[in-house]
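Biologist: Could we go through this model together, one question at a time? I would like to see how each answer is reached.

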Amino acid sequence: MVRAALTGRHRIGREPAPYAPYVPAASVVVASLVAALPIISASGWYPDFGFLVLIGWRLLRADPWPAWWAAPLGLINDLFTGYPIGFSVVLWSASMLALDLIDRRTMWRDYWTEWLLAAVLVAIDQWLQWRIAAMTGARLPYFTIVPPLVISICVFPVVAWVVSRIDAWRLRR
Amino acid sequence: MATARPGWSRRAQYGLFFSFLAVIAGIVVGVILLTLSLVAPKTFNGVRGAALDVTAPITGALHEVAATAGGMFSGAGNYWDAANQNAKLKRERQAMLHRMVEAKAIFQENRQLKATLQLREREQNTLAVGRIVGSSFNSPRRFAILSTGSTDGVRIGMPVRSPDGLVGRIIDVGALASRVLLVSDRANIVPARLLRGGIPVISQGRGDGTIDVRPLEVGRNPFKRGDIIISSGTGGLYPPLVPIARVVKLDDDGAIALPLADPANTSFAMVQPPFEPAAVAAESVLTPESP
């Protein structure tokens, strides 16, 4: 409570915004909508923003949304980004489940653990995309997924920071 | 769902259990959807088209803004060193004039020869013109969003080209926008030939903005740096004589080429009907095409 004393002024009467429970899911949809920006990339090395924001929220809080929301959020991501329909539905739901199971096991956490978890999930994401591309006739060499993977892992801390700022804003901290 | 047991409350325990079930149901539904979209890619054409229509106005409007801003900078850049540029352009224009006269002569001769051969060729008419307003920037596949859709007569499978060269073919259609499989996608294989010598080659994307070109006949590597690859029209989908790419690097049995129609700099792209619709229809009956 020392910390609360330090933050000081105007603590009373500040409650979370009325729409606070929906902000996390809305921010994931907005991140999926980044695909609507006129970014024309020759290499496709941009990170999967929707997924990064999703795991950013889930690692920050255990219950940013009811866990099953991951499926419809994934469907929205599939529709906007042009992935095969169902890809993000599976991956996002499975990530929620995996993180829940991991939460039961881990005794403590720090930034490095979270970054490692995010890196593993992003690697699974990239690998699955590569597998599905191969199934639909675009068999690429394995090393082509390395640059986007490295970029995504490096971008994750930034996304996690943005998510924590949004969280502070929605809860009026 | 975070803790193993939410306490002694039966209600909370059931809630936890059912949310687990809901997530697993989500995974199952996702697997079904994914299997459907891999096995029967045409199932979701309607939904995908609708999603394209939702984002197309945003993408289009933002593209205008970005293009205007970019145009201002490059426009200002053009004034820099304008005198030198002017002189260079004049020289180039002079050279082009000579080439154009030659080309006209060749064109006339070609027409006469074709007339003697009684070779009939379908006139390639442009169905619709659109802008490339977006792309798949976060996946190993290379797609682009084109700002024209089924209201202009665009259908799945139609070839897309720009004044510079071949862009790709349509794979998803909405009412206002469509998705193009670029020539740099791994799954896009274009029958082509070398402009110099007419050696038949196969062009296949590499997924990173470049193209792999291989000769059809095994033997000596026919490519040289700077070679232009043009489409051959074999297969009936892509029209012949459309420039595709320029060779930039040789490797063991082929070469790596850069597409001439760079999607990032292509202002307009034209959608054309399939070159030989009958041939394409027959082929698509035999082999169900995957996106």
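Biologist: Is the crossing of α5(A) and α6(A) left-handed or right-handed?

Modeller: Happy to help, and please keep in mind that this is a predicted model. The two helices cover residues 87–105 and residues 111–135 of chain A. Their crossing is right-handed.

Biologist: How are α5(A) and α6(A) oriented to each other?

Modeller: Two packed helices are described by the angle between their axes and the distance between the axes. Here the axes are 11 Å apart and the angle is about 150 degrees. Angles over 145 degrees count as roughly antiparallel. The two helices are therefore roughly antiparallel.

Biologist: Which residues of α6(A) does α5(A) meet?

Modeller: Let's start from the α5(A) side, where A:Phe87, A:Leu91, A:Ser95 and A:Ile102 take part. By class, the contact has seven nonpolar, one polar and one charged residues. On the α6(A) side, the residues are A:Leu117, A:Leu121, A:Asp125, A:Leu128 and A:Ile132.

Biologist: What pattern does chain A follow along the sequence?

Modeller: Chain A has seven helices and zero strands. Its C-alpha atoms fill a box of roughly 60 × 35 × 30 Å along the principal axes, and 43% of its 173 residues count as buried. Read along the sequence, the pattern is α-α-α-α-α-α-α.

Biologist: Why is chain B described as more spread out than a compact globule?

Modeller: Chain B contains four helices and 13 strands. For its 291 residues the globule rule gives 19 Å, and the radius of gyration is well over that, so chain B is more spread out than a compact globule, at 25 Å.

Biologist: What share of the residues of chain B count as buried?

Modeller: A residue counts as buried if 20 or more other C-beta atoms lie within 10 Å of its own. Chain B has 291 residues to go through, and its C-alpha trace spans about 90 × 55 × 45 Å along the principal axes. The share that counts as buried is 36%.

Biologist: Which element gives the most to the side of chain B that touches chain A?

Modeller: In all, 50 residues of chain B are in contact with 49 residues of chain A. The elements of chain B that give two or more residues to this side are α1 (10–39), α2 (45–79), β2 (132–135) and β3 (143–146). By class, this side divides into 27 nonpolar, 16 polar and seven charged residues. With twelve residues, the element that gives the most is α1(B).

Definitions and conventions: Residues numbered from 1 in each chain as written. Chains lettered and ligands numbered in written order. Predicted model: local features only at pLDDT ≥ 70, side-chain atom pairs only at ≥ 80, totals over all residues. Contact = placed C-beta atoms within 7 Å. Nonpolar A, V, L, I, M, F, W, Y, C, P; charged D, E, K, R; others polar. Axes fitted to C-alpha atoms, helices over the stretch in contact; angles between N-to-C directions. Parallel < 35°, antiparallel > 145°, perpendicular 65-115°, else oblique. Left-handed = near helix turned anticlockwise from the far one by under 90°. Rg over C-alpha atoms; globule rule 2.2 N^0.38 Å. Buried ≥ 20, exposed ≤ 12 C-beta atoms within 10 Å, placed from the backbone.
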